[in-house]
Amino acid sequence: MLVKIYTDGAARGNPDGPGGYGVILTCEDAKGQLHVREYSQGYKRTTNNRMELMAVIVGLEALNRPCEVEVYSDSKYVTDAFNQHWVDNWLKKNWKGSSGPVKNVDLWKRLLQAKEPHQVRFIWVKGHDGHEQNERCDFLATSAADGTDLIEDEGLNLQA
């Protein structure tokens with residue numbers, strides 16, 4: 001079964017400010033019926049890149065069995081990391097990049113673990129291009145970032 005995961009992260013340009021993510025999962029069952037699940041969450045003290053990663057992680061962790069997955073993200077940071085083999089190079093260099101330690105290693109490791117049972121392709125989509133699912137994810141992420149009831153994920157070290 002092919003699952004399409006649309007993601008977006010939002011922050012307010014301030015590492016200590018609020019952020020949020022939006023995720024939409026879609027798939028068709030054997031009868032051709034479309035199933036849609038949405039997730040949205042807000043966080044304190046975060047950045048846009050962390051929210052982009054969290055969006056993908058949450059989408060993959062929501063799957064209860066191995067699937068063929070297409071992840072649609074408007075984040076070049078996320079899609080290039082896999083499509084241009086940045087992650088492979090980081091692993092070989094013990095999470096060191098050309099300009100020093102790689103940021104968000106905790107989330108990259110969590111993402112690698114979440115994608116392990118699946119066949120995953122990362123597809124970049126241009127943000128704000130009118131794509132219905134992409135726009136909906138942007139709305140969910142922005143709403144979460146703008147919300148007053150922001151919740152921290154205890155599994156993340158957002159103070160780092």
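So, the lining of the second largest pocket: by class, eight of its residues are nonpolar, three are polar and two are charged. Bear in mind as we go that this is a predicted model. The lining has 13 residues altogether, and Met1, Val3, Cys27, Arg37 and Leu63 are the ones nearest the pocket's centre. Which strands each supply at least two residues of this lining? They are E2, residues 19–28, and E3, residues 34–43. As for volume, the pocket comes out at about 160 Å³.

Let me stay with E2 for a moment, since Tyr21 sits in that strand. Is Tyr21 buried or exposed? With a relative accessible area of 6%, Tyr21 is buried. If you want a distance to try on your screen, go from Tyr21 to Glu116: they are 95 residues apart along the chain, and their C-alpha atoms are separated by 22 Å.

E2 and E3 come up again when we turn to helix H5. Together with strand E1, residues 2–11, they are among the elements that cover the buried residues of H5. The helix itself runs over residues 132–146, which is 15 residues. From first C-alpha to last, H5 reaches 21 Å, close to the 21 Å expected at 1.5 Å a residue. Its buried residues are Gln133, Asn134, Cys137, Asp138, Leu140, Ala141, Ala144 and Ala145. Why do these fall on the same side of H5? Because they cover an arc of only 165° around the axis. As a reminder, an α-helix has 3.6 residues a turn, so residues three or four places apart point the same way.

Just before we leave this part, have a look at Gly127, in the loop between E7 and H5. Gly127 has a relative accessibility of 19%, and the cut-off for buried is under 20%, so Gly127 counts as buried. Setting aside residues up to four places away in sequence, Gly127 touches Asp74 and Asn134, and Asn134 is one of the buried residues of H5 we just listed. Gly127 also makes a nice long-range pair with Lys4: 123 residues separate them in sequence, and 17 Å in space, C-alpha to C-alpha.

Now for helix H2, residues 76–83. Six of its eight residues are buried, so H2 is largely enclosed by the rest of the structure. Those buried residues are Tyr77, Val78, Thr79, Asp80, Ala81 and Phe82. What covers them? The cover includes helix H1 (48–61), strand E4 (68–73), helix H3 (86–92), helix H4 (105–115) and strand E7 (119–124).

Let's take two of those covering elements in turn. On the H4 side, the buried residues are Val105, Leu107, Trp108, Leu111 and Ala114, and they pack against H1, H2 and H3. On the E7 side, my pick is Phe122, which lies in that strand and counts as buried at 6% relative accessibility. Phe122 and Thr79 are 43 residues apart along the chain, yet their C-alpha atoms are separated by 5.4 Å. Leaving out neighbours within four places in sequence, Phe122 is in contact with Val56, Val71, Val78, Thr79, Phe82, Asn83 and Lys115. Val78, Thr79 and Phe82 are among the buried residues of H2.

Asp80 is another H2 residue to click on. Asp80 is buried, with a relative accessible area of 13%. Not counting residues up to four places away in sequence, Asp80 touches His85 and Trp86.

And that brings me to His85, in the loop between H2 and H3. What is unusual to check here? His85 has a positive phi of about 60° although it is not a glycine, and it comes just after H2. With a relative accessible area of 45%, His85 is partly exposed.

There is one more residue of this kind to show you. Asn94 has a positive phi of about 55°, and it is not a glycine either. Where does Asn94 sit? Its place is in the loop between H3 and strand E5, residues 96–97. Asn94 is exposed, with a relative accessible area of 58%.

That's my tour, and I'm happy to go back to any of these residues on the screen.

How values were computed. Residues are numbered from 1 along each chain as its sequence is written. This is a predicted model: local features need pLDDT of at least 70, side-chain atom pairs count only at pLDDT 80 or more; totals for chains, interfaces and linings use all residues. Side-chain values use heavy atoms; hydrogens and water are left out. On a 1 Å grid over the protein atoms alone, a cavity is a set of points where a 1.4 Å probe fits but cannot get out, and a pocket is an open set with protein on both sides within 12 Å along at least five of seven lines; lining residues have an atom within 4 Å of a point. Grid points are joined across faces, edges and corners, and a volume is the space filled by probe spheres set on the points. Helices (H or I, at least four residues) and strands (E, at least two) are DSSP runs, numbered from the N terminus. Ala, Val, Leu, Ile, Met, Phe, Trp, Tyr, Cys and Pro count as nonpolar, Asp, Glu, Lys and Arg as charged, and the others, Gly among them, as polar. The expected span of a helix is 1.5 Å times one less than its number of residues. Buried means under 20% relative accessible area, exposed over 50%, partly exposed in between (1.4 Å probe, protein chains only). The arc is that of the directions from the helix axis to the C-beta atoms. Contact means heavy atoms within 4.5 Å.
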